[in-house]
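Here's an informal walk through one protein model, with a few spots worth finding in the viewer. Keep the structure open while you read.

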Amino acid sequence: MDSIENLITTLGTNARIAAKSLRGATTQKKNSALKNIAEQIHQNRKVILKANQQDVAQAKDNQLDDALIDRLILDDTRIDGIIESLNQIAALADPIGEITDLKFRPSGIQVGKMRVPLGVMGIIYESRPNVTIDAAALCLKSGNGVILRGGSEAIHSNLALYACVKDGLIDAGLNEYCVQLIDTTDRAAVNALVQASEYIDAIIPRGGKGLVEAISQNATVPVIKHLHGVCHTYIDKDADADKAIKIAFNAKTRRYGVCNAMETLLVHASAAGKVLPELIAEYALKGVELRGCEQTRQFSKQIIAATAEDWDTEYLDAILSIRIINSMSDAIDHIEQHGSGHTESIVTENYTSGRRFITEVDSASVMINASTGFADGFEYGFGAEIGISTDKFHVRGPVGLEGLTSQKYIVLGDGHIRQ
């Protein structure tokens, strides 16, 4: 345990020093580091893929579930996506130093706000190796030092990617400790990190509900979190059937093991006959197991009876709950009771209904006529995301550059004294 505490102390001390130097780094230097990292990943593609294959083989030997393995896998397409994400973040406006709301006061001083980094972030995540790069890039561009702790199942992939980050920082003339990766798989490191309030300003856990709950309970550092993603699509009575079928199919089947995948489909009773027969057939061809209410089950004998637990479950798998409801009020009430505050979508051609839905549904992302799969920092134009927050403080929804910053008040005077 002493060795773990010493490790976190060393990492934390280095991170504080690096974060201080990063506050004054120019946008050009930060962007140079991001582009260097992208080039390093491209040049070391074979090394990264080989390391990832080692992790995937181990995961299969350990009989990890398919959704976890899907999140773990890297291939050329996903590496291309990582590189594109880095280039997009480099192209984004730098929020640091932005001055807003500058106003003259009657005393003659000017008062405004300046956007500043949070300081040092701790990012704890499972499975997805791309988070190593997303987290490093977003923290770097937003001027934050960061300590990364990935899951043991992705250790080789994360180490290979982190080597690219370190080289990219050094080549840009930045402190190599701006980004650090905890290279031990000892779980004691997580507890030590989330209690290192002397060094860490905020923790972001990115993983399953169990991980997030455990960190939230043990942390003495502020936590930006979401516990799970029970996302809904509501097909309204005024929905266009073709749009509804396309959206509902994509929201569930684009990828199963992601937090923005639809887990419950709500269908207005008057729209059920127009959309459910085709949707049920398409889901069956895709191998999706359907669990439905009594009315839904009348459309197919293959639909299993949904239990009370199903409405609260984030499957992260090829399973979908379907419920037929009688009004939009019923849909909103269902979401209020069973949703996790992540993402909800309505399919409707009725402007008033759409406006009511986005006004009354209290989730981090609320959509009209779009797949819940769009609830993602990359799709929102953030370049990437560090996670999706269902908290209401300090940031909500996909957490990009601005979500990793705060504001401080600045006062501009010219010899002013207070009377």
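## A tour of the model

G81 sits in helix α5, which runs over residues 76–91. One thing to keep in mind from here on: this is a predicted model. With a relative accessible area of 31%, G81 is partly exposed. If you measure across from G81 to N130, you'll get 9.0 Å from C-alpha to C-alpha, for two residues that are 49 apart in sequence.

N130 leads us on to the next helix, since α6 covers residues 130–141.

**Around α6**

How do α2 and α6 pack? Helix α2 (residues 27–43) and α6 have their axes 9 Å apart, at an angle of about 165 degrees. An angle over 145 degrees counts as roughly antiparallel, so that is the label for α2 and α6. The crossing of α2 past α6 is right-handed. On the α2 side, the residues that meet α6 are T27, K30, N31, A33, L34, I37 and I41. On the α6 side, I133, A137, L140 and K141 do the touching.

Helix α7 (residues 155–171) is another partner of α6, packed at about 25 degrees with the axes 9 Å apart. That makes α6 and α7 roughly parallel. Here α6 contributes T132, I133, A136 and L140 to the contact, while α7 brings N158, L161, Y162, V165 and L169. The crossing of α6 past α7 is right-handed.

**The bent helix, α11**

Now scroll along to α11, residues 269–286. Its 18 residues reach 25 Å from the first C-alpha to the last, close to the 26 Å expected at 1.5 Å a residue. Where does α11 bend? The bend is at V275, about 50 degrees, and the proline P277 follows within four residues. After α11 comes G287, with a positive phi near 85 degrees.

Which residues of α11 are buried? V275 is one of them, and A271, A272, L276, L279, I280 and Y283 are buried too. The cover over these buried residues includes the strands β7 (231–235), β8 (262–268), β9 (289–292) and β11 (319–325), along with helix α10 (241–253).

Helix α10 deserves a closer look. Its axis and that of α11 come within 10 Å and cross at roughly 30 degrees. Angles under 35 degrees count as roughly parallel, so α10 and α11 are roughly parallel to each other. The crossing of α10 past α11 is right-handed. From α10, A241, A244, I245, A248, F249, K252 and T253 are in contact with α11. They meet K274, V275, E278, L279, E282, Y283 and K286.

Here are the helix pairs side by side:

| Pair | Axes | Angle |
|---|---|---|
| α2 and α6 | 9 Å apart | about 165 degrees |
| α6 and α7 | 9 Å apart | about 25 degrees |
| α10 and α11 | within 10 Å | roughly 30 degrees |

**V347 and its neighbours**

V347 lies in strand β12, residues 343–347. Is V347 buried or exposed? At 0% relative accessibility V347 counts as buried, because the cut-off is under 20%. Leaving out residues up to four places away in sequence, V347 touches T233, Y234, I235, D236, A239, D240, K243, A244, I247 and N369. A244 is also among the α10 residues that meet α11. For V347 and I304, 43 residues apart in sequence, the C-alpha to C-alpha distance is 25 Å.

**Backbone oddities**

N369, one of the residues that V347 touches, has a positive phi of about 55 degrees although it is not a glycine. You'll find N369 in the loop between β13 (365–368) and β14, and at 27% relative accessibility it counts as partly exposed.

Q63 is another non-glycine with a positive phi, this time about 60 degrees. Q63 lies in the loop between α3 (45–61) and α4 (66–72). Its relative accessibility is 72%, so Q63 counts as exposed.

Last stop: which two residues does a cis peptide bond join? They are F393 and H394, with omega at about 0 degrees. H394 is in the loop between β14 (388–389) and β15 (397–398).

Terms used:
Residues are numbered from 1 along each chain as its sequence is written. This is a predicted model: local features need pLDDT of at least 70, side-chain atom pairs count only at pLDDT 80 or more; totals for chains, interfaces and linings use all residues. Side-chain values use heavy atoms; hydrogens and water are left out. Helices (H or I, at least four residues) and strands (E, at least two) are DSSP runs, numbered from the N terminus. The expected span of a helix is 1.5 Å times one less than its number of residues. The bend at a residue is the angle between axes fitted to the seven residues ending there and the seven starting there. Buried means under 20% relative accessible area, exposed over 50%, partly exposed in between (1.4 Å probe, protein chains only). Contact means heavy atoms within 4.5 Å. Axes are lines fitted to C-alpha atoms, for helices over the stretch in contact, and angles run from 0 to 180 degrees between N-to-C directions. Angles under 35 degrees count as roughly parallel, over 145 as roughly antiparallel, 65 to 115 as roughly perpendicular and the rest as oblique. A crossing is left-handed if the near helix is turned anticlockwise from the far one by less than a right angle, and right-handed if clockwise.
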